[in-house]
Each structure stands twice: as structure tokens, then as C-alpha cells.
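Visitor: Please take a close look at one part of the structure, the packing of its interior, and describe it in a connected way.

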Amino acid sequence: MSTSSSPVWVVVPVYRGLEAVQRCLQSVTAAQNRVPWRLLVIDDASPEPALRDWLQAWRTQQSGRVLVQRNARNLGFVRTANKGLALAMAEGADVVLLNSDTQVAHGWLDRLHAAAHRADDIGTTTPWSNNATIFSYPAYPEGGELPAGFDVHRMDALCAQTLRAQAVDVPTAHGFCMYIRSPCLIQTGLFDADAFGRGYGEENDFCLRASALGWRHVHALDVYVQHEGSVSFGAERAALVAHAAGVIRARYPDYDERIQAYLRTDPTAAARQALDAALASWRGGANTPTEDRVDAPRAARWQRWLRCVRWGRSGSQP
């Protein structure tokens, strides 16, 4: 088992959505963790004056481990994310790429860090979320809302208590909250900004490149991060998703089958059932367990996966 004492960089690209950004950053700085960390917020030339002003005012209230940068012009999500990844790589530090429409709870980083360092060949870890395709709970795999009466803190506590130190291998991470080990990042390199510069699919390409080098990707079952999801971009978004899917299929002809195989084996089924039981218990047994959509047609689930590869991002936009 590998360990690391360097501070973990948490990189949050920001573009729109003042209230979502406020909730995200305040949750990160309020969360109590034993693992040392640094927070890097990169404003990708936001067109919202209120967001720009709030970021500058908020930064003056933070400690030295919080950094705020602003791009002189809009670079798009992938190039903005790469700026943060490059800084972490230069310091030999692990890094978490975190969407600006997420919220985290106490101990989230400790448990992601622990999951990433349980074996030397683990390259990335991804937590549960309400809206993260194959990492979604309770609506799997399409994503949805948090269970009624539950916030991120209670859901995270439910996962931490029910599935302590458990993880399963996955074919790819999800960029809404993607923990990357430093050795994996150094060996694999940054996201491919030329192919995926406007977003969608870049983390899948990264994970497949890493897998080819022998790195594994795991789903940390004892961590839960809330993800609000972004506003639809209509036809433009559909075109971006289609482009990304085409690039992935051209580069990795067996990728579809990898995802199909994952959906067939459904390695988180037992974990979801355990969470269902725990959820019912926490509610005093008044509610029936959450519906588990394991009988959904695999083809339909794969289409939902493709549609949702990066639709939930509200960070940097082209």
C-alpha cells in the first residue's frame, strides 16, 4: 500500500453559476479532513461580474492554502483543468478535479485519498453521487435527486458507515469528482485538449490511456459527493457529446464493450442494496428501499451513459 504526505490539490474550474459556486467552495473549505490539501479555483474568464467579484472578495477571507486564478480569456474546461493538473504534477502531488456545482462533506478527501492509496496500481478514484451515471445512487445509472430528507452530509455518512473502506474497479472515472494519483498523472500526462478542448470525454480518454499503462480506476463506495448538474446546451451539447463519442470509439474500438461488460456484471449492485437497507433503517423503516433499475435494457443504459458523459458539468464552458 502506497502513502503520500504531500498536500492534495483540489482544482475547481469556474465559469458560471454564482450560487452553485458558493455552495461548492464553502463546502470544500468547511469540510474537516486529516489529509493536507490546497484549493485552486480557476475562473475561466467568467462573463458574470457578480461571480468574479465574489471570488475576489471570498479569496481575501481564506487562508494561504486557497488560491484563486483568472484566465485572461476563456480557455474552455479542458485547458483550464490542465492548468491545475500541471501545477499539481509539478509538485508531485495528488489532485482532485472537482466540478463547481458539487458539494462535499466532512472526511470526503480522507476517504478518497485512502481508496486511491490502497494499492500501488490505483490511478484514479471516483465517489458516489446523485448525478454521475454509473456512480449514481439512488437512481442508477441515469442519476437524479438526493433521497427526500437527505443532504450531502447525511448521504455521505450513510455511505461511510455502510460501506467503510470498500471499492470496486471501474472502466473509467467521472470528472465531476475525479481523484488522480500523482504517479498516474505524471506517467499518463494531461487531458487531450486538442481533441476534447471544449469538454466531454476527456476523462474517459485519460483513463483509457492510463489503463493501457497498467493503472486501475476504482469507485470509492464509502464517499458521496452531491452533484447538481448543469443546464442543457441543447443541440450544441449534443454535437459535442457525439464528437467526443466518435473520438473515443475511433481510439478505443473496444470501449463500448468494456462499458457493456461493466453494466452486465453490475459490481455495485450489492453496495446499492446495502445502501437501500441502511436508508430504510435510517428512515425508521417507513419507506420502502429505493428502486434498483437493474432490469433496464443494457442498450438504453449505454445510451444514457453516453448522453451523460459530461452533461453534468457547470464549470468552464466554451
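Guide: The account below goes from the whole chain to the core and then to one helix pair.

This is a predicted model, in which local features need pLDDT of at least 70 and side-chain atom pairs count only at pLDDT 80 or more, while totals for chains, interfaces and linings use all residues. Residues are numbered from 1 along each chain as its sequence is written, and side-chain values use heavy atoms, with hydrogens and water left out.

The chain has 12 helices and 10 strands, taken as DSSP runs numbered from the N terminus (helices H or I, at least four residues; strands E, at least two). Of its 318 residues, 57% count as buried, meaning under 20% relative accessible area with a 1.4 Å probe and protein chains only. Contact means heavy atoms within 4.5 Å. Among contacts between residues at least 6 apart in sequence, 83% join residues at least 24 apart.

A nonpolar core here is a set of buried Ala, Val, Leu, Ile, Met, Phe, Trp, Tyr and Cys residues joined through side-chain atoms within 4.5 Å. The largest one holds 89 residues, of which Leu25, Leu39, Leu98, Trp108, Leu109 and Trp128 touch the most other members. Strand S1 (residues 8-14) gives the most to this core, with six residues.

Trp108 and Leu109 are also among the buried residues of helix H4. This helix (residues 108-116) is mostly covered, with eight of its nine residues buried. Beyond its neighbours within four places in sequence, Leu109 is in contact with Val8, Val10, Asn33, Val35, Trp37, Val96 and Tyr179.

Strand S2 (residues 37-43) contains Leu40, which is buried, at a relative accessible area of 0%. Residues up to four places away aside, Leu40 touches Trp9, Val10, Val11, Val12, Leu67, Gln69, Gly84 and Leu87. Val10 is thus listed for Leu40 and for Leu109.

The helix pair is H5 (residues 152-162) and H11 (residues 269-282), whose axes come within 10 Å and cross at roughly 120°. Axes are lines fitted to C-alpha atoms over the stretch in contact, with angles from 0 to 180 degrees between N-to-C directions. H5 and H11 are therefore oblique to each other, the class left once angles under 35 degrees (roughly parallel), over 145 (roughly antiparallel) and 65 to 115 (roughly perpendicular) are set aside. The contact is made by Arg154, Met155, Ala157, Leu158, Cys159, Gln161 and Thr162 of H5 and by Ala274, Leu275, Ala278, Leu279 and Trp282 of H11.

Technical notes
Buried means under 20% relative accessible area, exposed over 50%, partly exposed in between (1.4 Å probe, protein chains only).
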